[in-house]
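Please look over the sequence and the model shown below before reading on. The report then takes up a few topics in turn, beginning with a term that the later paragraphs rely on.

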Amino acid sequence: MEKNGSGDNNLATVSAHVGPLMDSVVKVFCVHTMPNFFLPWQRKRQHSSSSTGFVIAGRRILTNAKSVEYHTQIMLKKRGSDTKYLATVLVIGTECNIALLTVNDDEFWEDVSPVKFGELPALQDAVTVVGYPIGGDTICVTRGVVSRMKILSYVRGWTKLTCLQVDAAINSGNAGGPAFNDKGNCVGIAFQSIKHEDAVNIGYVIPTPVIIHFIQDYERNEAYTGFPIIGFEWQKMENPDLRMAMGMKSDQKGILVTRVEAAALGSEILQPSDVILSFDGVDIGNDGTVVFRHGERIGFNYLISQKYTGDNTKIKLLRDSEMHEFDIKFDPHKKLIPTCTDDRPPSYYILAGFVFTAVSVSYLFSEYSSMSDFPVELLYKLHYSMAKSNDEELIIISQVLVADINIGYEDLTNVQMVVLRTETAKAATADILTTHTIPSAMSDDLLILSEV
């Protein structure tokens, strides 16, 4: 169905451009074996999923990170083929929901042309989403337009990135498929849709700037280092009395720094009550937005998301009514509660029945049905706290395996004191492991460290 009223000729042109590229769109079959965060020495029962991917240059395939998380096997099937090919993961970017795969079998690459990327589309530009939604093995094509562009946090990620909202249907199984423009260039990756009775045909697409950043990050570092953050909280400066109190002139605009994370990049430069006026020469509005394109503004986080690890940025700010300029280098950073865990099993340590484990986003979502249920202290640390060193983690007691030695501690709370004798605690641990058929008192990663 033609949605933008451009006529049959234009639709035929789009089909001529997009049609040959459909052979580059593949169906992704994945078997997942998810970790059991409540019983971290076990894995959950494996399950299967299907999604979409597409071929790009360098004998590589792009899809959603969610499509291949905690994979034990990934297979790809080309359009019109009855053969499945084993695929391997090159890199996964959880916060941007993108994964890069490859296939070693040369036969897979026969008669397949890589998809080329196009520029970020404008509002009302037509897009064609191609994928393999559930309910069949044949390829599906839906068409719509770009209805909105905004900055938001992707599913299970906390870095704010650019996102396209489209009115082309994105159904389950379409995730990971390409969104093409009228020239047949890929302008994004489909990744989610809104399921609500008041929301019809609202889907989201990861745009090319985020995709290119992900690919170039991997090519530069042979790993995923992520999107940089500076690590500060801020508020808008729309109130004239607030601007006057901060010593701003009538022609000055910016945002007010309210808190700086002690372990963040800018902690040695930024201070509370600083007014950030510009970022790399781009003026920031009192509402926290910057000029994007003609007639459009976007959150200033967009500028930060374009940077790579090792890049420098110039910040102009107002402090005590005086202008200052500083250079900040984006070094690797780590959040205290990580969003990315490289699909490795959770770390744990058991002593006297107390199960210690590291907090991650995956752990929180396994324990609580939604983010609104997260404990306030953990939610705050999730959003704002950064690790002071590369090996710093937030450790909690996830549960207590009941035994004689931990009587009275069964319903442990976060304000309770625990006292145990060291020797009896160690001795009791072996019996507790046997009772609960737990193979080891610690995860493999800690076991390796203990042997070093």
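## A term to begin with

A residue is called buried when its relative accessible area is under 20%, exposed when that value is over 50%, and partly exposed in between. The model discussed here is a predicted one. By this rule Arg143, with a relative accessible area of 11%, is buried.

## Salt bridges

Side chains of opposite charge can pair when their charged atoms come close. A search of the whole structure finds 14 salt bridges. One of them links Arg143 with Asp182, and the closest N and O atoms of this pair are 3.4 Å apart. Arg143 belongs to strand E8 (residues 140-153), while Asp182 sits in the loop between strand E10 (178-180) and strand E11 (186-193), so this salt bridge ties together parts that are 39 residues apart in sequence. Whereas Arg143 is buried, Asp182 is partly exposed, because its relative accessible area is 25%.

Another salt bridge joins Arg293 and Glu296, whose closest N and O atoms are 3.2 Å apart. Here Arg293 counts as partly exposed at 23% relative accessibility, and Glu296 is buried, with a relative accessible area of 16%. In the pair formed by Lys316 and Glu325, the closest N and O atoms are 4.0 Å apart. Lys316 is partly exposed, with a relative accessible area of 28%, and Glu325, at 49% relative accessibility, also counts as partly exposed. In addition, Glu233, Arg259 and Glu261 are joined into one network by salt bridges that share partners.

## Nonpolar cores

Which residues touch the most other members of the largest nonpolar core? They are Ile230, Phe232, Ile276 and Phe279, in a core that has 35 residues. When neighbours within four places in sequence are left aside, the contacts of Phe279 include Ile230, Leu303, Ile315 and Phe330, and among them are also Lys307 and Thr313. A second, separate core has 31 residues, including Val18, Val91, Leu100 and Ile211.

## Cysteines without a partner

A disulfide is a covalent bond between the sulfur atoms of two cysteines. In this model the count of disulfides comes to zero. Why does Cys140 not form such a bond? The closest cysteine sulfur, in Cys186, is 17 Å from the sulfur of Cys140, which is too far for a bond.

Cys186 is likewise in no disulfide, and the nearest cysteine sulfur, that of Cys96, is 14 Å away. As for their surroundings, Cys140 is partly exposed, with a relative accessible area of 24%, whereas Cys186, at 0% relative accessibility, counts as buried.

## Two residues and their contacts

His213 lies in helix H2 (residues 208-221). Is His213 buried or exposed? His213 is buried, because its relative accessible area is 3%. Apart from neighbours within four places in sequence, His213 is in contact with Gly226, Phe227 and Pro228, and also with Ser305, Gln306, Lys307 and Tyr308.

Pro114 is found in the loop between strand E6 (98-102) and strand E7 (126-131), and Pro114 is partly exposed, with a relative accessible area of 39%. Although Pro114 and Val25 are 89 residues apart in sequence, their C-alpha atoms are 9.4 Å apart in space. With neighbours within four places in sequence again left aside, Pro114 is in contact with Ser24, Val55, Ile56 and Ala57.

Methods: Residues numbered from 1 in each chain as written. Predicted model: local features only at pLDDT ≥ 70, side-chain atom pairs only at ≥ 80, totals over all residues. Heavy atoms only, no water. Core = buried A, V, L, I, M, F, W, Y, C linked by side-chain atoms within 4.5 Å. Buried < 20%, exposed > 50% of the residue type's maximum accessible area, 1.4 Å probe, protein only. Contact = heavy atoms within 4.5 Å. Disulfide = S-S within 2.5 Å. Salt bridge = Lys/Arg side-chain N within 4 Å of Asp/Glu carboxyl O. Helix = DSSP H or I, 4+ residues; strand = E, 2+ residues; numbered from the N terminus.
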